[in-house]
Amino acid sequence: MIGKALVGVRTRQWAALCVGLLVCSAAQAVAAAECPGHPDALGTSRTLVVDPRAHPRIGTMQYPETLPLEDHEVVLTFDDGPLPRNSNQVLEILAAQCVKATFFTIGSMALAYPDGVRKLHDAGHSIGTHTQDHPLTMDRMSVERVRQEIDDGIASVKSVLGDDAALAPFFRIPGLARADAVEGYLASQGIQTWSADFLADDWRHISSSRVYELAINRLEDKGRGILLLHDIQARTAAALPRILNELKARGYRIVHVVPATAEQPATPTEPQQWQLHPVSEYVAISHWPKIPNFVFAAADMLPGPSLSDLDWQDGQLMPPAELSERAKRGVPLPREAPWPRQSELAPDSAAAALPIPAQTLFEIQEGSYAAIAMPSRHADQPVRAEGATGDVGKLTSADAGDSRATGGKHHGRARKLGASRMSGRGSKLAAHAGRHGPKHLVQVKKVARSGSLRNDL
Ligand SMILES: [Zn+2]
């Protein structure tokens with residue numbers, strides 16, 4: 001009841017929003033006209049006729065182009081059917097809303113449930129194919145296997161329909177496992193490869209509410225596009241009525257896509273309409289230029305750089321004669337290019353000169369207790385940290401002092417590391433100590449010396 005009331009409110013809001021907007025009124029009029037007996041139906045706002053040869057690959061999840069939809073236009077697609085129980089339910093829900101969709105049927109499923117495919121046709125949906133046996137490895141298959149899967153799937157569905165024209169030259173690769181060879185073969189047959197613009201993850205083990213949320217939220221992100229669903233899934237059938245109601249409430253319109261024929265030419269479109277976000281001076285280019293496929297004609301290898309190629313003295317580019325001439329005339333000499341100089345490498349023994357941490361570093365003041373939130377394996381072994389926060393100062397100053405004394409350059413880093421690691425611990429330790437007190441604590445001093453403190457945190 002609450003759901004119905006909510007939809008009612010949203011519908012009224014939408015109606016109010018549409019007052020004065022001819023576009024909305026027109027869309028609603030079309031929906032009502034197309035769905036007699038269902039005045040509140042979402043309906044199908046228009047039919048888009050496409051030429052697969054002109055646009056062989058669509059769906060921004062994988063390709064630069066997608067269907068030339070207007071803002072708030074949606075194309076529904078359903079894969080993997082037919083499977084009577086759930087597919088029939090999906091068909092009934094679509095019929096009640098007068099929504100036309102595109103179904104990508106599997107050849108073996110069509111042979112197993114021929115009535116399911118005929119029902120799709122009778123209801124006026126577009127029927128594409130989705131291979132014969134739904135392999136998820138088309139990106140790794142031989143071209144022969146790819147052809148066989150595609151051809152067999154088409155042959156199976158055609159045999160069930162008994163009318164070649166009833167099948168659209170639309171194809172979706174199982175698992176969207178695209179490969180050049182697959183797309184190349186499909187294009188050579190005049191078949192359009194359909195990816196999608198967004199999914200609702202309805203093949204995963206999620207609730208129907210989650211399917212609904214993902215469908216709506218992802219559509220809202222893009223504003224229009226091709227939604228990929230699965231009519232064989234019970235959760236999809238359960239989510240579909242809510243999805244369709246929400247689409248209507250939010251002012252989305254359903255577009256039915258059909259292939260161009262001699263009698264029905266493609267809907268006129270501009271090339272940029274096939275891009276979800278056409279390139280303009282206001283939109284950043286989202287598709288970077290492809291890196292060309294270099295063909296290496298010869299296997300010859302270029303010579304590797306020799307040490308002399310890296311000679312820093314090349315930085316002095318002016319010939320010596322000109323340099324001496326300039327010097328004579330008092331013309332300032334060009335500055336040497338600021339390239340890296342060869343520098344003396346410190347001898348191995350230099351490591352011995354690094355400061356040794358002072359003993360005082362690990363001494364923690366008596367009386368101030370703190371503890372660490374230990375991982376579960378140490379849950380019964382709390383830690384006593386004495387004066388952890390106070391030691392931060394001790395660590396950095398002691399370390400920095402030693403560094404300066406030995407002329408080292410790393411005291412800045414030590415200060416940073418010391419401050420961030422130790423103060424972080426200190427606050428955690430202090431917080432824990434406040435709750436548990438000193439009774440069950442062990443000295444953090446030991447842990448710090450053994451070097452295991454950081455891992456245990
Ligand atoms: Zn599939």
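# Getting to know helix H6 and strand S3

In this predicted model, residues 24 or more positions apart account for 74% of the contacts in the chain with a separation of 6 or more.

Me: How many helices and strands are there in the chain?
Reply: Let's start with the big picture: the chain has 457 residues, and 31% of them count as buried. As for the elements, the count comes to 14 helices and 13 strands.

Me: What is the span of H6 from its first C-alpha to its last?
Reply: H6 covers residues 143-161, so 19 residues at 1.5 Å a residue, taken as 1.5 Å times one less than the number of residues, give the expected span. The helix comes out close to that expectation, reaching 27 Å.

Me: Are the buried residues of H6 on the same side or on opposite sides?
Reply: The buried ones are Val 146, Glu 149, Ile 150, Gly 153, Ile 154, Ser 156, Val 157 and Val 160. They cover an arc of only 160° around the axis, and that's why they end up on the same side of H6.

Me: Which exposed residues does H6 carry on the face turned away from its buried side?
Reply: The buried side has its cover, which includes strand S4 (102-105), helix H4 (107-112), helix H5 (114-122), strand S5 (126-129), strand S6 (170-171) and helix H7 (180-188). Turn to the face pointing away from that buried side and you'll find Val 143 and Glu 144.

Me: Which residue just after H6 takes a positive phi?
Reply: H6 runs over residues 143-161, and we want what comes just after it. There, with a phi of about 70°, sits Gly 162.

Me: How many of the seven residues of strand S3 are buried?
Reply: S3 spans residues 73-79, and it's mostly covered. Out of its seven residues, the buried ones number six.

Me: Which residue in S9 is the bridge partner of Asp 79?
Reply: S3 runs parallel to strand S9 (residues 225-230), and six bridges join them. In S9, Asp 79 has as its partner His 230.

Me: What is the handedness of the crossover from S3 to S4?
Reply: S3 and S4 run parallel, joined by three bridges, and Asp 79 has Phe 104 as its bridge partner in S4. Between the two strands the chain passes through helix H3 (residues 84-96), making a β-α-β crossover that is right-handed.

Me: Which residue in S10 is the bridge partner of Glu 73?
Reply: S3 also pairs with strand S10 (residues 253-259), in the parallel sense and over two bridges. The partner of Glu 73 in S10 is Arg 253.

Notes
Residues numbered from 1 in each chain as written. Predicted model: local features only at pLDDT ≥ 70, side-chain atom pairs only at ≥ 80, totals over all residues. Helix = DSSP H or I, 4+ residues; strand = E, 2+ residues; numbered from the N terminus. Buried ≥ 20, exposed ≤ 12 C-beta atoms within 10 Å, placed from the backbone. Arc of directions from axis to C-beta. Contact = placed C-beta atoms within 7 Å. Pairing = 2+ DSSP bridges. Right-handed = clockwise from strand over helix to strand, strands pointing away.
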